[in-house]
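Work through the exercises below with the model open. Each task is followed by a stepwise solution.

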Amino acid sequence: MFTATKDKPLQTTTTGALPRPSWFTENLRGVPLSTGFARSAYREQHFDCLACHVVAQQKAGIDILVDGDTRLDDDVAGRSWVSYAYERIDGIGEPQVAVQPYAAMADKGPGDYIWEVIETRLTPEVQGPIGKAELQLDRAWKAVAPMTEKPVKVGSISAQVVSHMVNNKHYPDQRDLLLALSEAFNAEYHALADAGAPMVQIEEPSIHQSMQVPGQEVSADQYVEAFNIEVKGLREKTEVWCHTCWGSPGAQKMFPADASYEKALPYLDQLDVDVITLEGASNNGMDFEHYGSLISKDKKIAVGVISHRTLQIERPEEVADLIRKALKYIEPERLILSSDCGFGRQAASRMHAFYKMVSMVRGANMVRKELGLEEVYVPAADPALSMVPLAEG
Ligand SMILES: [Zn+2]
C-alpha cells in the first residue's frame, strides 16, 4: 500500500547506499547487527554515520531518506551488499573460493575491473536447508528512524541475487534454492514492516538481467513467482519497492550500454509491489516510453534522474529536462525521482553523492514550479546561507 508517497507527486529519494565517511573504520565482520550495536566503538560510528547521512539528505531537500546501507562493511566494490545476507542465513557455510558467480559476468575476464571484484567475492556453499535469516532490518530502521521526521527507506539485497552468489551443494536445482531463500527473506521483511517501517525496498528481481544472458536455469516466469513469495503479505502492511538496475559494484554497469528493460517490463509489472525503480539517467531516458506503456497504473515508477556511475554532477537543468521527458509518458502522481542505483560500494565520494542529490532536488523544483506544485526548500542552495558573497544582480 502507498504510505510515504501516497498522493504526493514527484517525490525525491536515492537508491540506498551512500558513501561511507572515511572515519567509519568499524565493521561487523559477520556478527549480528545487534552484537555490533553492543560494542561501543561500532555503535558510536554506526549511529554517527547515520546522523551524517540524515543531515546530508535534509540539506539537499530529499523527501524520502535512506539509511545509506550503514550496516554494510567496507568491503571491495560493495561485496558486503551480498555477504551481509549470506553470512547471516542458516544453511550457508563460510566463504570458500572465488568463483564466477553469475552469468551476467560471463563476458568478463582477467584485465577487467569486474574480474578483480569477482576475486574478492569468496562464494560460500549452501550446505544444508536454508533456515532462518538474521538480517535485523527492523533494527537497522529503528536506528535511523528517530533521527528524522521524514520517511526512511531501508533496502536489502533480494533472495534472487543471493541465489546467484552462493554455490548450491544442497538443493536439487537452482529454483528450489531460490524458493527456500525467498521464504527466509519474506520473514525478515515482515519483521521490518511490523516494526513500523513505512517502506521496504527489495534489490532486486533477476528478471531484466537474466533476460540479457541466454540459457538461464530459472525462467522469467519463475523469477516472478519466487519474487511474489519473497514479498507475500507485505503490501498489506507497508509500501513495497522493487529496485532494479544494470549493476553497481564499484559503479560499474554489468551490461551493454544499450541494454533495454523493454522485454522485462511485462514481467516486472506482475510483481506484487507498489513502486518499481528503473534506470533513466545513465541511458538518458531510453526506456521511458516503455515504462509508461508497460507498467500498470496501480504502480508508481521511480526513475533514475541522476547517475551513480559518473563523477560529473548533473546540472539541475539537465535533471529537469530528464524529468520533463519522463512526464511525457508517466503521470506526475505516479512519478518518483531517484538515482539509478546507490552511491556507495566504492563508487562516488561523499561530496559527489551530496551534490548530485542537491542537483536532483533543484531540478525537481524547476519542474514542480512549472506544474504549479510546491517547491521544496533546499538548505544547501539557500543564497542567504552562502559563505561567499554573491555577485550583485
Ligand atoms: Zn542497483
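**Exercise 1: a helix-to-helix pair**

In this predicted model, the side chains of Glu225 and Arg175 meet in a salt bridge, with N and O 2.8 Å apart. Task: find which parts of the chain Glu225 and Arg175 link, then class each residue as buried or exposed, or in between.

Step 1. Glu225 sits in helix 9 (residues 220–230) and Arg175 in helix 7 (residues 174–194). They are 50 residues apart, so the pair links distant parts of the chain.
Step 2. Partly exposed lies between 20% and 50% relative accessible area.
Step 3. Glu225 has 36%, so Glu225 is partly exposed. Arg175 has 27%, so Arg175 is partly exposed too.

**Exercise 2: Arg334 and Glu331**

Task: give the closest N and O distance in the salt bridge of Arg334 with Glu331, and class both residues by accessibility.

Step 1. The closest N and O atoms are 2.8 Å apart. The cut-off is 4 Å, so the pair counts as a salt bridge.
Step 2. Arg334 has a relative accessible area of 6%, so Arg334 is buried.
Step 3. Glu331 is at 26%, so Glu331 counts as partly exposed.

**Exercise 3: the zinc site**

Task: name the residues and atoms that coordinate the zinc ion, and give the spacing of the donor residues in sequence.

Step 1. The donors are His243 (NE2), Cys245 (SG) and Cys341 (SG), at 2.1 to 2.3 Å.
Step 2. The spacing reads H-x1-C-x95-C.
Step 3. His243 and Cys245 are both buried.

Technical notes: Residues are numbered from 1 along each chain as its sequence is written. This is a predicted model: local features need pLDDT of at least 70, side-chain atom pairs count only at pLDDT 80 or more; totals for chains, interfaces and linings use all residues. Side-chain values use heavy atoms; hydrogens and water are left out. Donors are N, O and S atoms within 2.8 Å of the metal (3.2 Å for Na, K and Ca); water is not among the atoms, so sites may look incomplete. Buried means under 20% relative accessible area, exposed over 50%, partly exposed in between (1.4 Å probe, protein chains only). Helices (H or I, at least four residues) and strands (E, at least two) are DSSP runs, numbered from the N terminus.
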